[in-house]
Amino acid sequence: MKPFTAFFCKELTELKRTGKLWILILIFVLFGIMNPAIAKLIPWMLETFADSFAESGITLTEMTVDAMTSWTQFYKNIPMALIIFFLLFGNIMTGEYQKGTLIPILTKGLPRRHIVTAKTLAMLLTWTGCYWLCYGITYAYNSWFWDNSVYPHPAFAALCPYVLGIWLLSLLMLMSTVFETGSSVTVSAGVVFIAAYLLSMIPKIQDYLPARLLNPAGILQGIQKPEDYLAALGICLMLSLGNLMLSVILFNKK
Amino acid sequence: MDMLTLSHVSKAFGKHQILNDLSFSVPEHSIFGFIGQNGAGKTTTMKLVLGLLKNDSGQILVNGEPVTYGQNCTNRYIGYLPDVPEFYGFLTPAEYLKLMGRIAKMPEAKIDARSRRLLDLVGLGGVTKRIHGFSRGMKQRLGIAQALLGHPRLLICDEPTSALDPAGRKEILDILSSIKEETTVLFSTHILSDVERICDEIALLHQGRIAFHGTLESLHHYRSDLAQEECLETSAPIGGTGFEIEFIRPEDTRLFASCYGEGKPVSRTGLMYEGRTEKDMLDAIGLIAARHIPIRKIEMCEPTLEHLFLKITEKTDLPR
């Protein structure tokens with residue numbers, strides 16, 4: 001077995017045995033179920049609170065609940081899912097710095113770039129599996145209760161936050177090669193994301209920024225086309241690759 | 001052949017000069033004690049040898065090949081046991097050694113056989129629980145096993161016995177002693193009794209330089225030379241290291257003291273005569289025989305390594 005493969009398998013074993021993998025699967029499965037469940041429960045909740053709304057002067061008209069309601073909930077839950085992911089993976093490198101567990105690995109001759117690449121790949125596989133599991137559950141329930149076929153490009157729309165997640169993971173890895181503590185890594189990556197989000201309010205550049213990918217519900221509603229997101233997707237992937245390369249360079253100097 | 005050679009190595013962290021023109025070498029198949037006070041630069045020296053830090057000047061050779069910072073090719077000759085070793089707690093010892101063997105590109109069959117042998121050697125054979133449940137001593141022993149996995153030519157141990165109880169320290173020192181034929185051992189410590197127990201050679205690191213380098217025997221001769229120098233400087237008579245007598249009964253102790261002279265009591269039945277020579281001890285033996293005083297033992301005192309260490313560091317302290 002090659003050294004890279006051995007270290008990568010160690011990362012996967014760590015995810016399983018420390019429970020991180022099972023926690024993430026559970027959370028993303030719950031999200032996947034919650035999206036259609038909340039959509040299904042909205043009419044019942046509105047009916048239950050109709051009287052108290054009426055006392056406040058709010059009149060409720062009949063509301064149509066369909067798959068779009070569930071998909072809207074799906075895209076609203078993505079930021080929460082990303083935050084949870086960040087919190088669980090924030091110390092992926094810094095935890096090893098603090099314990100010194102990388103020292104024997106490095107002295108045995110494992111190239112430093114393999115460490116960065118293996119950890120990034122482990123995070124990416126976990127993100128991919130959990131995200132598309134959540135999407136798959138939501139899609140299945142939506143197909144069962146309503147009809148997904150009326151909405152154009154659901155998979156492409158789901159691809160946008162997925163790629164945004166990849167960029168955020170690469171940012172996490174980059175910050176992990178700069179800072180020594182998990183909290184510094186999480187906060188600094190969060191600051192960069194918030195900056196990107198704020199910049200996306202500038203109309204001239206918003207189509208090119210990663211934050212554009214956060215809520216592509218417009219594609220499902222037919223308001224926007226997939227082509228409108230291609231630039232942001234491309235730039236996001238390039239930024240992710242750049243972050244990874246910079247991580248390798250910085251870690252080699254550490 | 002020297003397994004490790006440092007030539008005029010210097011290293012500073014900011015304005016703080018840790019190593020200053022450091023030079024020494026470690027012969028093959030020896031157990032080399034690298035001693036110094038806390039903060040003297042022992043760990044820094046080891047990290048330079050491993051290529052984990054970059055030296056400001058000088059050259060380091062391992063098995064005749066130069067050490068480079070970063071991807072260091074000479075690490076294939078080295079096994080390293082860090083101070084306070086930490087491992088992946090979710091793995092068992094066998095799984096951890098398998099991981100390390102694969103990273104070191106060892107053949108699978110060889111990894112299994114070597115792991116079993118080393119775990120038996122360090123007393124962890126048959127331990128199947130995960131590492132997070134290990135005591136400090138068990139982690140230290142696993143650390144030695146992982147350091148020896150690839151048949152290293154040079155085993156570097158950073159304070160392998162610190163924070164262990166006496167039984168644990170003895171176990172570790174016995175293991176290091178037993179592998180001398182297979183490899184060269186360089187270990188750092190500030191526990192001088194460990195050095196006395198197993199080392200062939202020692203080097204004393206003080207203020208960034210080697211204050212002493214040689215065998216334990218040469219260190220004792222050095223101490224005699226130091227003592228003579230002191231006497232010449234102070235015009236005092238040249239004394240010895242003294243001797244100690246252990247009597248059987250307290251009344252014999254008092255009788256001898258009244259005839260020979262008062263000594264320093266070390267117990268109810270023991271007397272220490274500091275600064276006395278071998279001739280003085282022979283006179284004492286003659287008196288004991290003449291007076292028929294039974295004794296348990298009489299022995300010449302050797303200067304402790306601690307005493308020598310303090311003398312050498314006093315002598316080599318640079319003016320502030």
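Select B:Ile156 to begin, and show the residues around it: leaving aside residues up to four places away in sequence, B:Ile156 touches B:Met46, B:Val49, B:Ile78, B:Tyr80 and B:Leu186. Please keep in mind throughout the tour that this is a predicted model.

From here, widen the selection to the largest nonpolar core, which has 122 residues, and in which B:Ile156 is one of the four members that touch the most other members, together with A:Leu172, B:Val49 and B:Leu186. To see which element gives the most to this core, select helix α8 of chain A, residues 154-178, which supplies 14 residues. Another core lies apart from this one, and you can find its place by selecting B:Phe243, B:Phe247, B:Met281 and B:Ala284, which are among its eight residues.

Next, colour the whole of chain B by secondary structure, where 10 helices and 14 strands should appear. Of the 320 residues in chain B, 36% are buried. If you draw the contacts in chain B that have a separation of 6 or more, 68% of them are accounted for by residues 24 or more positions apart.

One pair of residues in chain B shows such a separation along the chain: select B:Asp21 and B:Gly208, which are 187 residues apart along the chain, and whose C-alpha atoms are separated by 7.4 Å. B:Asp21 belongs to strand β2 of chain B, residues 16-27. Is B:Asp21 buried or exposed? The answer falls in between, because 14 other C-beta atoms lie within 10 Å of B:Asp21, and this makes the residue partly exposed. When residues up to four places away in sequence are not counted, B:Asp21 touches B:His8, B:Ser10 and B:Arg209.

Now display both chains and look at where they meet, a contact that takes 21 residues from chain A and 19 residues from chain B. On the chain B side, select β6 (78-81) and α2 (93-103), each of which supplies at least two of the residues that touch chain A. The element of chain B that gives the most to this side is α2(B), with four residues. Sorted by class, the side of chain B that touches chain A has 11 nonpolar, four polar and four charged residues.

Move on to chain A and select helix α2, residues 20-48, along with helix α4, residues 67-89, which pack at an angle of about 160° with their axes 9 Å apart. Because of that angle, α2(A) is roughly antiparallel to α4(A). The crossing of α2(A) and α4(A) is right-handed. To see the contact itself, show side chains including A:Ile27, A:Phe28 and A:Phe31 in α2(A), and, among those they meet in α4(A), A:Phe74, A:Asn77 and A:Ala81. By class, the contact of α2(A) with α4(A) has 13 nonpolar, five polar and one charged residues.

For the last stop, keep α4(A) selected and add α8(A), the helix already met in the core; these two pack at an angle of about 25°, with their axes 11 Å apart. That angle is why α4(A) is described as roughly parallel to α8(A). The crossing of α4(A) and α8(A) is right-handed. Their contact is made by A:Tyr75, A:Ile78, A:Leu82, A:Phe86 and A:Phe89 of α4(A), together with A:Pro161, A:Gly165, A:Leu168 and A:Leu172 of α8(A). In this contact of α4(A) with α8(A), eight residues are nonpolar, one is polar and none is charged.

Terms used:
Residues numbered from 1 in each chain as written. Chains lettered and ligands numbered in written order. Predicted model: local features only at pLDDT ≥ 70, side-chain atom pairs only at ≥ 80, totals over all residues. Core = buried A, V, L, I, M, F, W, Y, C linked by C-beta atoms within 7 Å. Buried ≥ 20, exposed ≤ 12 C-beta atoms within 10 Å, placed from the backbone. Contact = placed C-beta atoms within 7 Å. Axes fitted to C-alpha atoms, helices over the stretch in contact; angles between N-to-C directions. Parallel < 35°, antiparallel > 145°, perpendicular 65-115°, else oblique. Left-handed = near helix turned anticlockwise from the far one by under 90°. Nonpolar A, V, L, I, M, F, W, Y, C, P; charged D, E, K, R; others polar.
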